[in-house]
Amino acid sequence: MRYSGIGGQAVMEGVMMKNGDKYAVAVRKPDGEIIVETKEYRGILADIGIRKLPFIRGVINFVDSLALGMRTLAYSASFYEEEEPKQVASDRAGKESSTFCEFGKDSGGSDLEEQERMASDKSSRKESLIMGITMACSVAAAVVIFMLVPYFISGFFENMISSRAVLALLEGGIRLSVFLIYILLISRLEDIQRVFMYHGAEHKCINCIEQGMELNVENVRKSSRLHKRCGTSFLFLVMFISIIFFLFIHTESGWMRILVRLLLVPVIAGCAYELIRLAGRSDHVLINLLSKPGMALQKLTTKEPDDSMIEVGIASVEAVFDWKAYLKENTES
């Protein structure tokens with residue numbers, strides 16, 4: 001089958017699917033109901049041509065994925081926030097009702113609506129600011145842990161290893177090891193294990209469609225939970241490509257080596273994106289070979305979902321993608 005164009009991610013007790021500028025988050029609420037929210041997300045630099053340039057588009061799409069991912073994670077988590085004791089909630093509701101009556105009587109309905117609108121705008125701006133700071137801190141932490149920490153660890157061996165090439169390979173091996181240990185550690189957390197199951201549901205739904213099968217629980221269940229366009233594969237490629245870059249870039253200054261690593265992060269991300277993009281559109285033997293290590297890692301970041309999770313994944317897909325038209329078009333062609 002041809003490239004479907006849909007992608008997504010797992011969220012807390014749910015799945016987000018994106019198709020073009022449209023995305024949907026399907027979440028199974030604590031009471032068992034599946035709720036689906038559909039919105040548009042055009043991303044940064046949406047109307048600027050630079051967004052379509054090879055390599056640069058990878059950096060932009062990476063930032064967009066982080067921003068949208070955090071937004072949808074926050075949305076899904078909102079259904080599972082700890083509820084207040086009933087009596088406290090009841091008392092608070094009574095006070096708010098009393099305040100509302102007094103405020104409305106003194107100020108009028110239109111003033112109240114304006115106050116609510118301003119409060120909503122202020123809350124939205126505050127939420128965007130917090131999300132932006134969180135995203136910046138997350139990226140900074142990832143760069144430090146996966147780029148700089150391996151460099152400093154490999155530095156302890158400089159007195160024993162004179163070859164810069166060998167040191168670069170050692171640094172790359174440490175980087176891959178840190179990445180693998182990180183995945184192994186978080187995979188032991190109970191909540192993360194359920195997220196990984198929804199991650200599997202997301203992949204299985206996309207694979208089901210792209211293999212030309214009707215989107216239903218039975219067909220999704222027998223589809224693969226591994227996919228070449230997965231974020232896990234992208235991160236592995238970032239680690240792998242960084243080894244190649246640092247292998248051929250030499251400088252005697254320690255501070256310059258650190259600076260070079262920081263400056264090359266977006267370049268490496270752009271290269272990794274182009275490979276992932278190509279992998280999603282090609283079945284060439286070489287592309288499939290390059291995809292194998294990342295797909296092997298997906299065995300850690302995806303788990304087999306149960307049928308209830310598959311139902312959530314299907315609901316998310318159907319909110320943004322006409323899979324019936326896609327199957328018909330590919331069958332006719």
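**Close-up views of the predicted model**

**Figure 1. Buried positions along helix α4.** Leu 167, Ala 168, Glu 171, Gly 172, Ile 174, Arg 175, Phe 179 and Ile 183 are the buried residues of α4. The model shown here and in the following figures is predicted. Helix α4 covers residues 164–186. With 23 residues at 1.5 Å each, α4 should span 33 Å, and its end C-alpha atoms are 33 Å apart, so the two values agree. At the start of the helix, a side-chain oxygen of Ser 163 comes within 3.4 Å of the backbone nitrogen of Ala 165.

**Figure 2. The surroundings of Ser 242 in helix α7.** Helix α7 comprises residues 231–248 and includes Ser 242. The relative accessible area of Ser 242 is 0%, so this residue is buried. A polar atom of the Ser 242 side chain lies 2.6 Å from the backbone oxygen of Met 239. When neighbours within four places in sequence are set aside, the contacts of Ser 242 are Met 147, Arg 175 and Ile 268. Of these contacts, Arg 175 is also one of the buried residues of α4.

**Figure 3. A nonpolar surface patch that includes Phe 157****.** The patch consists of Val 144, Ile 145, Val 149, Ile 153, Phe 156, Phe 157 and Met 160. Together these residues have about 640 Å² of accessible area. Phe 157 is located in the loop that runs between α3 (109–155) and α4. Its relative accessibility is 32%, so Phe 157 counts as partly exposed.

**Figure 4. Two non-glycine residues with positive phi, Glu 13** **and Phe 55****.** Glu 13 has a phi near 55 degrees and sits in the loop between β1 (6–11) and β2 (14–19). With a relative accessible area of 15%, Glu 13 is buried. For Phe 55, phi is about 75 degrees. Phe 55 belongs to the loop between β4 (34–40) and α1 (56–77). Its relative accessible area of 45% makes Phe 55 partly exposed.

**Figure 5. The salt bridge between Asp 21 and Arg 42****.** Side chains of opposite charge can pair when their charged atoms come close. A count over the model gives 16 salt bridges. In the pair shown, the closest N and O atoms of Asp 21 and Arg 42 are 4.0 Å apart. Asp 21 is in the loop between β2 and β3 (22–28), and Arg 42 is in the loop between β4 and α1, so the pair ties together parts that are 21 residues apart in sequence. Both partners are partly exposed: Asp 21 has a relative accessible area of 37%, and Arg 42 has one of 42%.

**Figure 6. The salt bridge between Arg 28 and Glu 311****.** The side chains of Arg 28 and Glu 311 meet at 3.0 Å, N to O. Arg 28 is in strand β3 and Glu 311 in helix α10 (residues 307–320), so that this pair links distant parts of the chain, 283 residues apart. Arg 28 counts as buried, at 16% relative accessibility, whereas Glu 311 is partly exposed, with a relative accessible area of 36%.

**Figure 7. The Lys 39 and Glu 37 pair****, with a salt-bridge network.** The closest N and O atoms of the salt bridge between Lys 39 and Glu 37 are 3.8 Å apart. Lys 39 has a relative accessible area of 42% and is partly exposed. Glu 37 also counts as partly exposed, at 21% relative accessibility. Elsewhere, Glu 158, Arg 164 and Arg 257 are joined into one network by salt bridges that share partners.

**Figure 8. Overview of the protein chain.** The chain contains eleven helices and four strands. Of its 333 residues, 36% are buried. Among contacts between residues at least 6 apart in sequence, 69% join residues at least 24 apart. The chain exposes about 19,100 Å², and 60% of this area is supplied by carbon and sulfur atoms.

Methods:
Residues are numbered from 1 along each chain as its sequence is written. This is a predicted model: local features need pLDDT of at least 70, side-chain atom pairs count only at pLDDT 80 or more; totals for chains, interfaces and linings use all residues. Side-chain values use heavy atoms; hydrogens and water are left out. Patches are made of residues with over 30% relative accessible area and no salt bridge: like charges are joined within 9 Å, nonpolar side chains (Val, Leu, Ile, Met, Phe, Trp, Tyr) within 5 Å. Accessible areas come from the Shrake-Rupley method with a 1.4 Å probe; for residues, only the protein chains shown count as cover. Helices (H or I, at least four residues) and strands (E, at least two) are DSSP runs, numbered from the N terminus. Buried means under 20% relative accessible area, exposed over 50%, partly exposed in between (1.4 Å probe, protein chains only). The expected span of a helix is 1.5 Å times one less than its number of residues. A polar contact is a pair of N or O atoms within 3.5 Å; within protein, one must be able to donate a hydrogen and the other to accept it, and residues adjacent in sequence count only if both atoms are side-chain atoms. Contact means heavy atoms within 4.5 Å.
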